[in-house]
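Open the structure in your viewer and keep the sequence panel beside it. We will go from stop to stop, and at each one you will hear what to select and what is there.

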Number of protein chains: 2
Amino acid sequence: MSQPSTFEIVAEPTRRRILDVLLTGERPVGDLVEDLEMSQPGVSRHLRVLRDAGLVTSRTDAQRRLYTINPGPLAELDSWLAPYRRLWAGRLDQLAAHLDDMTDEPGER
Amino acid sequence: MSQPSTFEIVAEPTRRRILDVLLTGERPVGDLVEDLEMSQPGVSRHLRVLRDAGLVTSRTDAQRRLYTINPGPLAELDSWLAPYRRLWAGRLDQLAAHLDDMTDEPGER
DNA sequence: ACCATATATCTGCTGCCACTTATATATGCT
DNA sequence: AGCATATATAAGTGGCAGCAGATATATGGT
């Protein structure tokens, strides 16, 4: 996809995990490789996607690159969500019913 | 994907369009076919996905099925977003910078 | 020389999406 | 009863793109 939307970027479970780790603060690539138990090239590829989407930024510290979250683009999600948010306020019962229907966790690997 | 997450459901641009149309109220399938300029089986397949994800419900009106939004599952998105939302408050300047970097629209077809 | 990282390439797998055609079912109309 | 309409679902095809894994190379810091 030439210009993937923020939706698509964030739909990828591994990328969400990366962001969730970065939520705790700036991190070098090596840390992420350990945490995610993935190959370094694999992590770097995802970081590339996140960087291109403007969701993370990096700064150089000697040989390492420290990655930080840049939450700005997530506002796109948030504003798409806004009209729906109004709807589910006061319908939390429906959510509960839906969750009851689900036998197990979504396949998040 | 056996149990696609709400993220994946909503990452699909056509499905977001369907939800956006339903935001204006209950609609029969035929309306959606017209609005989206898609084949009827195509629309029905997306509706199936949305229904399985609990994002829409249908009720029968004679031969027609009227679809309604069920925003409940979107709360999952919203709560994932919550920690990030705190971050971008007060960083709207960064968002602006990011948007300036983008030459054209994300490829949303 | 060694380390951390980025990037590139290739392969293989898998799964999605669109489109078409066909069929089944329910309902309504005449 | 017979026909039209609305919808769902299935089956088949084509295309395309994502992701993981492996490997190789380049670069810059120590």
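Two strands pair if DSSP finds at least two bridges between them. Keep that in mind for the sheets, and remember that this is a predicted model.

**Stop 1: chain A from end to end**

Colour chain A by secondary structure. You should find six helices and three strands, and walking along the sequence gives the pattern α-α-β-α-α-β-β-α-α. Chain A has 109 residues, of which 27% count as buried. Now think about contacts in chain A between residues at least 6 apart in sequence: 48% of them join residues at least 24 apart.

**Stop 2: the sheet of chain B**

Select the strands of chain B. They make an open sheet of three strands in the order β1-β3-β2, with antiparallel pairing. At its edges are β1 (27-28) and β2 (56-61) of chain B, each pairing on one side only.

Start with β2(B) and β3(B), the latter covering residues 64-69; six bridges hold this antiparallel pair. Click Val56(B) and look across: which residue in β3(B) is its bridge partner? The partner is Ile69(B). Next click Thr57(B), whose bridge partner in β3(B) is Thr68(B).

Follow the chain from β2(B) into β3(B) and you pass through a hairpin with two residues between the strands. Stop at Ala62(B) in the turn, which has a positive phi of about 55 degrees.

Then move over to β1(B), which is joined to β3(B) by two bridges and runs antiparallel to it. Pro28(B) is a good residue to click, as its bridge partner in β3(B) is Leu66(B).

**Stop 3: the sheet of chain A**

Switch to the strands of chain A. Here too is an open sheet of three strands, with the order β1-β3-β2 and antiparallel pairing. Each of the edge strands, β1 (27-28) and β2 (56-61) of chain A, has a single partner strand, so one side of each has no neighbour in the sheet. β2(A) pairs with β3(A), residues 64-69, through six bridges in the antiparallel sense. Try Thr57(A): its bridge partner in β3(A) is Thr68(A).

**Stop 4: the nonpolar core**

Show side chains for Leu50 and Val56 in both chains. The largest nonpolar core has 40 residues, and Leu50(A), Val56(A), Leu50(B) and Val56(B) are those with the most contacts inside it. Centre the view on Leu50(A). Leaving aside residues up to four places away in sequence, Leu50(A) touches Ile9(A), Arg15(A), Ile18(A), Leu55(A) and Val56(A).

**Stop 5: helix α5 of chain A**

Select residues 74-88 of chain A. This is helix α5, with 15 residues, and it reaches 20 Å from its first C-alpha to its last, close to the 21 Å expected at 1.5 Å a residue. Where is the kink in α5(A)? Look at Ala82(A), shortly before the proline Pro83(A), for a kink of about 45 degrees. The buried residues of α5(A) are Leu74(A), Ala75(A), Leu77(A) and Tyr84(A).

**Stop 6: Tyr84 of chain A**

Finish on Tyr84(A), which lies in helix α5 of chain A. Is it buried or exposed? Tyr84(A) is buried, because 23 other C-beta atoms lie within 10 Å, and 20 or more is the cut-off for a buried residue. Not counting residues up to four places away in sequence, Tyr84(A) touches Pro71(B) and Leu74(B). For a last view, put a distance label between the C-alpha atoms of Tyr84(A) and Thr14(A): these residues are 70 apart along the chain, and the separation is 26 Å.

Terms used
Residues numbered from 1 in each chain as written. Chains lettered and ligands numbered in written order. Predicted model: local features only at pLDDT ≥ 70, side-chain atom pairs only at ≥ 80, totals over all residues. Core = buried A, V, L, I, M, F, W, Y, C linked by C-beta atoms within 7 Å. Buried ≥ 20, exposed ≤ 12 C-beta atoms within 10 Å, placed from the backbone. Contact = placed C-beta atoms within 7 Å. Helix = DSSP H or I, 4+ residues; strand = E, 2+ residues; numbered from the N terminus. Expected span 1.5 Å × (residues − 1). Bend = angle between axes of the 7 residues up to and from the residue.
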